[in-house]
Amino acid sequence: SRLNFRFTELSKRKLAWFVENGHVTGWDDARFPTIRGVLRRGVDISALRTFICSQGASRRVVNMEWNKFWAENKRHIDARAKRFMAIDKVNNIELTINNAPDGLNFVSTDFVPKDSSIGKRLVCISKKIILEAIDTEGIVVGESIVLMRWGVVKITKVEGGLEGDFLPDGDFKNAKRKISWMANVPEQLSTTLFEFDNLISKEKLEEDDNFKDFINPNTMGATEVIADFGLKSLQKDDIIQLERRGYYRVDQPYVSKDKGLVLFMIPDGKSKAMSGL
């Protein structure tokens with residue numbers, strides 16, 4: 001069968017127009033429906049093979065949703081994607097944990113909670129940490145929150161600065177919020193996250209449609225984050241998960257402060273991008 005995708009142009013001649021007119025960076029652009037493009041977006045080869053084989057033989061023209069393709073990809077990458085955390089560089093709130101130990105300390109946690117054989121990483125903890133601003137909306141004194149990979153904190157102050165006490169025997173089940181966080185330390189790993197959308201704004205182009213009339217003007221968003229220092233050792237094409245954000249492929253490893261880490265978001269078939277794309 002001929003396999004088409006919604007919101008997608010597959011004609012090589014028309015795709016060449018996107019390249020020649022600067023709408024994409026090249027044939028390997030992560031927004032492009034080419035093999036090189038989807039691999040750069042973060043597709044696992046085995047997932048691609050499984051998806052194609054699952055379509056079977058048919059004379060019909062099949063108009064597929066990308067979400068089904070990305071959901072299959074997620075099944076292949078989830079079990080091996082190491083977990084890390086990152087917090088928005090601008091939209092964050094500081095939380096002071098009054099009874100946390102002075103200085104910098106570390107706790108050990110599994111890279112993948114369900115498979116300890118993949119290894120462990122160290123998470124830096126400190127009295128002052130930062131949270132995503134959106135995660136603190138509506139928080140009240142007396143509320144218990146879970147700091148992922150660390151433990152439970154009971155909020156003791158909201159007005160004039162967020163404060164709380166660490167509860168060594170805190171009840172994880174009764175805490176409604178499970179929050180990603182980062183130690184607020186002077187040396188931070190700045191990272192750029194890229195998210196992508198469809199190049200075409202119409203679900204299905206008809207024969208008499210001019211594809212140029214349906215160019216999506218907003219197909220790429222970038223977010224600057226403060227990321228886990230463990231990301232500094234990642235190599236090009238590594239696939240990881242930023243907890244509560246999604247899956248990412250390393251497009252540019254960390255080289256220096258001037259040439260930082262660049263991650264491309266991998267769709268999972270359901271999560272909405274945090275940038276609002």
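In which sense, parallel or antiparallel, do strand β14 and β18 pair, and over how many bridges? In this predicted model, β14 (residues 189-196) and β18 pair in the parallel sense, and four bridges connect them. One of the pairings places Val262 of β18 as the bridge partner of Thr192. This pair of strands makes a convenient starting point for a tour of the sheet.

The sheet is open and is formed by seven strands, which follow the order β3-β16-β17-β18-β14-β15-β4 with mixed pairing. At its edges stand β3 (82-84) and β4 (86-88); each has a single partner strand, so one side of each is left without a neighbour in the sheet. From one strand to the next, the twist averages 40 degrees.

Further pairings can be followed on either side of the β14 and β18 pair. β14 pairs with strand β15 (residues 220-227) in the antiparallel sense, over eight bridges, and here Glu195 stands opposite Gly221 of β15. β17 and β18 also run antiparallel, joined by five bridges, with Val250 opposite Leu263 of β18.

Strand β18 deserves a second look. It spans residues 261-266, and six of its six residues are buried, so the strand is largely enclosed by the rest of the structure. In a regular strand the side chains alternate between the two faces of the sheet. In β18, Leu261, Leu263 and Met265 point one way, while Val262, Phe264 and Ile266 point the other way, and all are buried.

The neighbouring strand β17 covers residues 246-252 and includes Gly246. Is Gly246 buried or exposed? Its relative accessible area is 10%, and the cut-off for buried is under 20%, so Gly246 is buried. Leaving aside neighbours within four places in sequence, Gly246 is in contact with Ile240 and Gln241. Gly246 can also be placed relative to Gly119: the two are 127 residues apart in sequence, and their C-alpha atoms are 20 Å apart in space.

Gly119 appears again around Thr109, a residue of strand β6 (residues 105-110). Thr109 has a relative accessibility of 11% and therefore counts as buried. Not counting residues up to four places away in sequence, Thr109 touches Gly119, Lys120, Arg121, Val123 and Arg149.

Turning to the helices, α1 (residues 12-20) has Leu15, Ala16, Trp17 and Phe18 among its buried residues. Just after α1 comes Gly22, which takes a positive phi of about 75 degrees.

How do helix α3 and helix α4 pack, and at what angle? Helix α3 (residues 45-54) and helix α4 (residues 66-77) pack with their axes 9 Å apart, at an angle of about 135 degrees. The two helices are therefore oblique to each other, and their crossing is right-handed. On the α3 side, the contact is made by Ser46, Ala47, Leu48, Thr50 and Phe51, and on the α4 side by Lys68, Phe69, Glu72, Asn73 and His76. These contact residues divide into four nonpolar, four polar and two charged.

Key:
Residues numbered from 1 in each chain as written. Predicted model: local features only at pLDDT ≥ 70, side-chain atom pairs only at ≥ 80, totals over all residues. Heavy atoms only, no water. Buried < 20%, exposed > 50% of the residue type's maximum accessible area, 1.4 Å probe, protein only. Contact = heavy atoms within 4.5 Å. Axes fitted to C-alpha atoms, helices over the stretch in contact; angles between N-to-C directions. Parallel < 35°, antiparallel > 145°, perpendicular 65-115°, else oblique. Left-handed = near helix turned anticlockwise from the far one by under 90°. Nonpolar A, V, L, I, M, F, W, Y, C, P; charged D, E, K, R; others polar. Pairing = 2+ DSSP bridges.
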